[in-house]
Amino acid sequence: GKSTAAAAGAHLPTQEAGAEGPTRIPYSSIPGPGWAMAFMQMRDPMGSYQTIYDRYGGPKMVRGRDMKGRKTVIVYDLAECKFLLRQEGKYPLSPIMDVQLPPTWARERFGDDSDAIKGSSAGPEWREFRDKYGPGLFTHAAGSYLGPITEAADIGADNFQLFAEAGEIQRWAQFTAFDMFFSVMFGKTPQTAVFGTDQTNPFCELVELDKEGLTLAVQHAYLPWFMVPRNAKDKFMKTMDRIAEASSPVLQRALNAPKEDLPDCYLRDMHVNQGIPAEQLLSIVPLLLSAGIATTQGLIQWNVLSLALHPEAQAKVRAEVADVLGDGPYSRDAKLPYLEAFIRETHRVLPANPTLTARIAPKDIVTPSGYEIPAGTLMTLCPQSVARDPNITKGKDIDQFRPERFIEPSRDKGCPMQSRMNKDPFGMGGRVCLGRRTAELELRAILVSLVRRCEITALERDFGVEWMTVLVPKPFPKIQVRPIDTVPSAQQSA
C-alpha cells in the first residue's frame, strides 16, 4: 500500500471544496523534496522521477527545484497533465528553449537569419519553423520515405548478429538509426551498419559526432554548471563544424543535382517542393542528423532487449509479421496489433524516457485539483509512474511483460496504462517531437526486419541504465542470435 507518512495529499489542506470549486492549494503547500530534488536528479537524472513518486506515496503533484535551481513541479496525475497541456497556448514555452548550443552554432556560422535559430525559440518564429520543417517528418507524409527506411533496416538486420557477437549492440542501434534517418533525408542509405566498415566508411564518424554533439547540447542545457564538461561550448562548436564539413559534400551534391535526379526524400520535399533555399538547409541538416537518431536508437535498444527477454512475445510478433506481411515489406497500412502492443508494453516496462514532456507555466495556473502553479514554473509531466502503480492501475499483473493487455476486448479503458499519454516517449502538445512519425516507421521497420531473420535470446537478465539524451541499457545484456531460414506461421507458433 501507499506510505502513510507521505501519502498523496498528506501535507495538503483538508477543508471540503466549496461551491466555487476545489480548495486552493498554494504552491508553498504542495508536498515535495524542495531543493533535495535537485540533488536527487544530479545522482539519477531520469530515475529520480519514480523515486520521488514512490517516496511521496503516489502524489498528484510534487514541488521542488531542478538541477538548474528553477521552481519545479512534477505532475503525475493524468487529469492534471491533460489540463496543463491545454494551457500551453499557441506558442508553448518549453525547457527545450534552454538548449542554446545548436542555435548559437547556427548564428555564428550562418548568421542571424538561420532557420536553425528559430527551432529553439518561442513565439511566431518557433511556429514558423515547425510549419516549414514539420511536413514530411511529423505528418503521415513520412510514409512516402518508407522504401529507403526499409532498405536501411534490412541492412541493419543483416548485420545484427555480427554486432551482437562482438558485444556492440549499442553501436549497432546507433548506426542503424543513423542509416534509416539519413535515408529519409537523402533517399539512400550510407550503410554505416555494415559490420567492420567503421574504419573505411566516412559516415561512421558522423554517427559518433552526432552522439557527442547532442549529448553536449543536452548537458549544457539541463545540468548545473559544475556538472557540464569543461569547455562544452567549444567542444560542441568543433563537433558541429566537423558534422557540417563531413555532411556538406553529399548535401551539396544533392542540392546541385537536377530535380528529376533527386530521389523522393525529405531534402527533395524541402528544397524542390517547398522552395527552402540551400543556405538554410546547410544550417539545418547537420542539426537534424544529430537530433534525428537520439530517441530512435534508444527505442531500438529497449525493444530488442524486450525481444530477447520475452521469447514467447517474440514468437508472436514473428508469427504476426509472417501472416500479415508474408515476404512483403513493412507497410504503415498493415494491421499488426500485436507488434503495436509489444512496442507499447516495452515503453511501459522499459521506457526510453520516463517523462511525457515539460512546459514552463505561461501564466499563474490553478489546476482542477486546486494546485496553484506560479507563472514561470517548470512543469514536468510524468504520468508513466501512475501507469506502473499497482494501487491505481486495474490489474494484478503490472510487473509482468504482457502486450496482450493493450489488445484484449476486456481491457479497462479507464486504466492509466491505456492512456495515450503513456503510449510512447515522443511527448504531446504543440512541442511534440518533430520527427515522431518518422521514428515510428523506423522502429517498426527494423523490428519487422529483425524477427524475420533471427531468433534473439537473452543470456543474462541484469543490466544498468545510462542517460544519454534518452535512457539506454548499459551494459546491454549478452544475447544469443540464431538465424532462421523460415518464418513460422501462426499455426506453427501456436
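Buried means under 20% relative accessible area, exposed means over 50%, and partly exposed lies in between. The model shown in these views is predicted.

**View 1. The salt bridge between Asp 424 and Arg 436.** The side chains of Asp 424 and Arg 436 meet with an N to O distance of 2.9 Å. Asp 424 lies in the loop between helix H17 (384–387) and H18, while Arg 436 belongs to helix H18, and this pair links distant parts of the chain that are 12 residues apart. Arg 436 has a relative accessible area of 15%, which is under 20%, so Arg 436 counts as buried. Asp 424 is buried because its relative accessibility of 8% is also under 20%.

**View 2. A network of salt bridges that includes Glu 168 and Lys 211.** Shared partners join Glu 168, Arg 171, Asp 198, Glu 208 and Lys 211 into one network of salt bridges. Within this view, the side chains of Asp 198 and Arg 171 form a salt bridge at 3.6 Å, N to O. Asp 198 sits in the loop between helix H9 (169–186) and H10, and Arg 171 in helix H9, so the pair ties together parts that are 27 residues apart in sequence. Asp 198 is partly exposed because its relative accessible area of 28% falls between the two cut-offs. Arg 171, at 24% relative accessibility, is likewise partly exposed.

**View 3. The salt bridge between Asp 158 and Arg 453.** The count of salt bridges in the model comes to 30. In the pair of Asp 158 and Arg 453, the closest N and O atoms are 2.6 Å apart. The pair links distant parts of the chain, with Asp 158 in helix H7 (residues 146–158) and Arg 453 in helix H18 (residues 436–453), 295 residues apart. With a relative accessible area of 51%, which is over 50%, Asp 158 is therefore exposed. Arg 453 is partly exposed, with a relative accessible area of 25%.

**View 4. The lining of the second largest cavity.** A search of the whole structure finds 3 cavities of 30 Å³ or more. The second largest cavity has a volume of about 90 Å³. Its lining is made up of Gln 174, Asp 210, Lys 211, Leu 214, Thr 215, Ser 290, Ile 293, Ala 294, Gln 297, Met 468 and Thr 469. By class, 4 of the lining residues are nonpolar, 5 are polar and 2 are charged. Helix H10 (203–222) and helix H14 (294–309) each supply at least two residues of this lining. The largest share, 4 residues, comes from H10. Lys 211 is one of the lining residues and also one of the members of the salt-bridge network in View 2.

**View 5. Surroundings of Ser 121 in the loop between helix H5 and helix H6.** The loop that holds Ser 121 runs between helix H5 (115–118) and helix H6 (123–133). Ser 121 counts as buried because its relative accessibility of 14% is under 20%. From its side chain, Ser 121 reaches the backbone nitrogen of Trp 126 at 3.4 Å. Not counting residues up to four places away in sequence, Ser 121 touches Met 97, Trp 126 and Arg 431.

**View 6. Surroundings of Asn 422 in the loop between H17 and H18.** Asn 422 has a relative accessibility of 4%, so Asn 422 counts as buried. Apart from residues up to four places away in sequence, Asn 422 touches Leu 78, Arg 344, His 347, Pro 383, Gln 384, Ala 387 and Pro 416. Asn 422 and Ala 308 are 23 Å apart in space, C-alpha to C-alpha, and 114 residues apart in sequence.

**View 7. Surroundings of Pro 190 in the loop between H9 and H10.** At 10% relative accessibility, Pro 190 counts as buried. Its contacts, leaving aside neighbours within four places in sequence, are with Phe 178, Asp 179, Phe 182, Asn 201 and Phe 203. Pro 190 and Val 73 are 117 residues apart in sequence, and their C-alpha atoms are 43 Å apart in space.

Conventions. Residues numbered from 1 in each chain as written. Predicted model: local features only at pLDDT ≥ 70, side-chain atom pairs only at ≥ 80, totals over all residues. Heavy atoms only, no water. 1 Å grid on protein atoms, 1.4 Å probe; cavity = no way out; pocket = protein on both sides within 12 Å on 5 of 7 lines; lining within 4 Å. Points joined across faces, edges and corners; volume = space filled by probe spheres on them. Nonpolar A, V, L, I, M, F, W, Y, C, P; charged D, E, K, R; others polar. Buried < 20%, exposed > 50% of the residue type's maximum accessible area, 1.4 Å probe, protein only. Polar contact = N/O pair within 3.5 Å; in protein donor to acceptor, adjacent residues only side chain to side chain. Contact = heavy atoms within 4.5 Å. Salt bridge = Lys/Arg side-chain N within 4 Å of Asp/Glu carboxyl O.
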